[in-house]
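Me: Please take a close look at a single part of this structure. Begin with how confident the prediction is, then describe the part you choose and what lies around it.

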Amino acid sequence: MSRTAKIVILFIAVIAIGWGIGKYTSPSPSASQEEGASAGTGNELQAPPVAQPEASPEPSAVPEPTAVATAEPQQTGSPNAGEPTAAPTVQLTDPAPTAKPAATAKPPGGSGAADAELTAAEPDSVTVMVNKQYKLPDGYKPADLVYPDVPFLFSEKIEKRMMRKTAAAALEQMFAGAKSDGVYLAGVSAYRSEKTQTTLFNNYVKRDGEEKARTYSAVPGHSEHQTGLAIDVSGSDGKCAAESCFGGTKEANWLADHAAEYGFIIRYPEGKQAITGYKYEPWHIRYVGKDIAEDIAARGITLEEYYDAIPVSN
């Protein structure tokens with residue numbers, strides 16, 4: 001074999017060997033595309049790096065336990081924790097006995113609050129609030145009315161001589177206490193039905209006009225006399241009965257000084273008309289129980305202020 005032929009054969013062999021080596025060692029041009037496809041289809045080997053960010057929405061479930069945790073303290077802090085609904089939470093800041101009087105609705109805020117009308121939820125309570133905002137249920141009449149054994153300015157046993165049993169007993173003790181101090185009291189007008197109050201109020205309106213009548217007489221359903229816990233008192237001679245001249249008499253002074261000892265308050269004190277809605281009535285006393293009465297008297301406040309209730313309209 002010639003030298004030239006050997007060179008040609010060697011050259012061909014080198015080329016053949018190089019081609020074979022390149023076939024088995026060169027990377028596949030489609031490999032990167034296959035990896036991308038496997039990541040996009042959820043291949044388990046390639047998916048974890050991509051799936052981890054997608055799982056991030058799971059923490060959105062965290063606020064639910066947080067909401068439950070914050071609700072529990074509110075329920076345990078409520079003075080009415082035994083009630084099933086969440087409505088009583090409005091009383092969280094009003095613990096008894098200075099809580100606002102229970103009503104069918106909460107006193108609204110704003111400039112119109114004084115004109116709101118609310119119905120007392122517990123009309124049989126001796127601490128019930130009845131004023132120009134809080135009214136008694138329609139047709140309400142106490143079930144335990146009795147005739148207190150005290151002198152009145154009249155002898156007939158009619159409705160205005162009656163009071164609720166607890167208040168009547170306290171009244172008897174108070175009249176006896178006044179008598180022992182040389183002060184002789186007499187009843188003027190106690191219980192008054194809604195029907196009677198309607199007649200009285202309408203007569204006052206005809207005489208003085210509604211605006212003036214509202215300063216000294218209650219709209220039907222809003223009278224404390226209807227609770228059976230209030231009574232107008234005078235001296236046994238009947239002078240100045242339910243009139244402004246009663247103020248300053250020895251009977252009025254004795255009531256102001258001692259009524260609280262028996263569970264009564266001067267319901268419409270002097271200088272408090274903007275709060276109570278009524279002019280000064282030293283003869284109108286209201287039974288609320290000794291503890292509340294003595295607290296109110298000692299602090300020189302009204303029943304509205306004691307309950308931190310909204311001021312009433314004139």
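Reply: The mean pLDDT of the chain is 76, and 63% of its residues reach 70 or more; pLDDT is the predictor's confidence in each residue, from 0 to 100. Over residues 21-98 the pLDDT is below 50, and beyond near neighbours in sequence this stretch has 22 contacts in the model, a contact being heavy atoms within 4.5 Å. A second stretch, residues 104-114, also has a pLDDT below 50, with 15 contacts in the model beyond near neighbours in sequence. This is a predicted model, so local features are given only at a pLDDT of at least 70 and side-chain atom pairs only at 80 or more, while totals for chains, interfaces and linings use all residues. Residues are numbered from 1 along each chain as its sequence is written, and side-chain values use heavy atoms, with hydrogens and water left out.

Some background on the chain comes before the chosen part. The secondary structure comes to 11 helices and eight strands; these are DSSP runs, H or I of at least four residues for helices and E of at least two for strands, numbered from the N terminus. The chain has 314 residues, of which 36% count as buried. Buried means under 20% relative accessible area, exposed means over 50%, and partly exposed is in between, with a 1.4 Å probe and protein chains only. Among contacts in the chain with a separation of 6 or more, 65% are between residues 24 or more positions apart.

The part chosen is helix 8. Helix 8 covers residues 250-258, and its buried residues are E251, A252, W254 and L255. Seen down the helix axis, these buried residues fall within an arc of 160 degrees, so they line one face of helix 8; the arc is that of the directions from the helix axis to the C-beta atoms. The face turned away from the buried side carries the exposed residues K250, A256 and D257.

What does the buried side of helix 8 pack against? Its partners are helix 5 (165-180) and four strands: strand 5 (185-189), strand 6 (230-235), strand 7 (264-268) and strand 8 (281-287). One residue of helix 5 is A169. A169 is partly exposed, with a relative accessible area of 33%, and its C-alpha atom is 9.6 Å from that of V146, 23 residues apart along the chain.

Strand 6 leads on to a loop. C240 lies in the loop between strand 6 and helix 8, and its phi is near 60 degrees, a positive value in a residue other than glycine. Most residues other than glycine have a negative phi. C240 is partly exposed, with a relative accessible area of 22%.

Two of the strands that helix 8 packs against, strand 5 and strand 8, also take part in a pocket. Each of them, like helix 6 (194-208), supplies at least two residues of the lining of the second largest pocket. A pocket is found on a 1 Å grid over the protein atoms alone, as an open set of points where a 1.4 Å probe fits, with protein on both sides within 12 Å along at least five of seven lines; lining residues have an atom within 4 Å of a point. The volume of the second largest pocket is about 540 Å³, taken as the space filled by probe spheres set on the points, which are joined across faces, edges and corners. Its lining has 26 residues, and R192, Y204, Y216, D232 and E281 lie nearest the centre. Helix 6 gives the most to this lining, with five residues. The lining divides into 11 nonpolar, seven polar and eight charged residues; Ala, Val, Leu, Ile, Met, Phe, Trp, Tyr, Cys and Pro count as nonpolar, Asp, Glu, Lys and Arg as charged, and the others, Gly among them, as polar.

Helix 6 also holds Q197. Q197 is buried, with a relative accessible area of 2%. Not counting residues up to four places away in sequence, Q197 touches R192, S217, A218, P220 and S223. R192 is also one of the residues nearest the centre of the second largest pocket.
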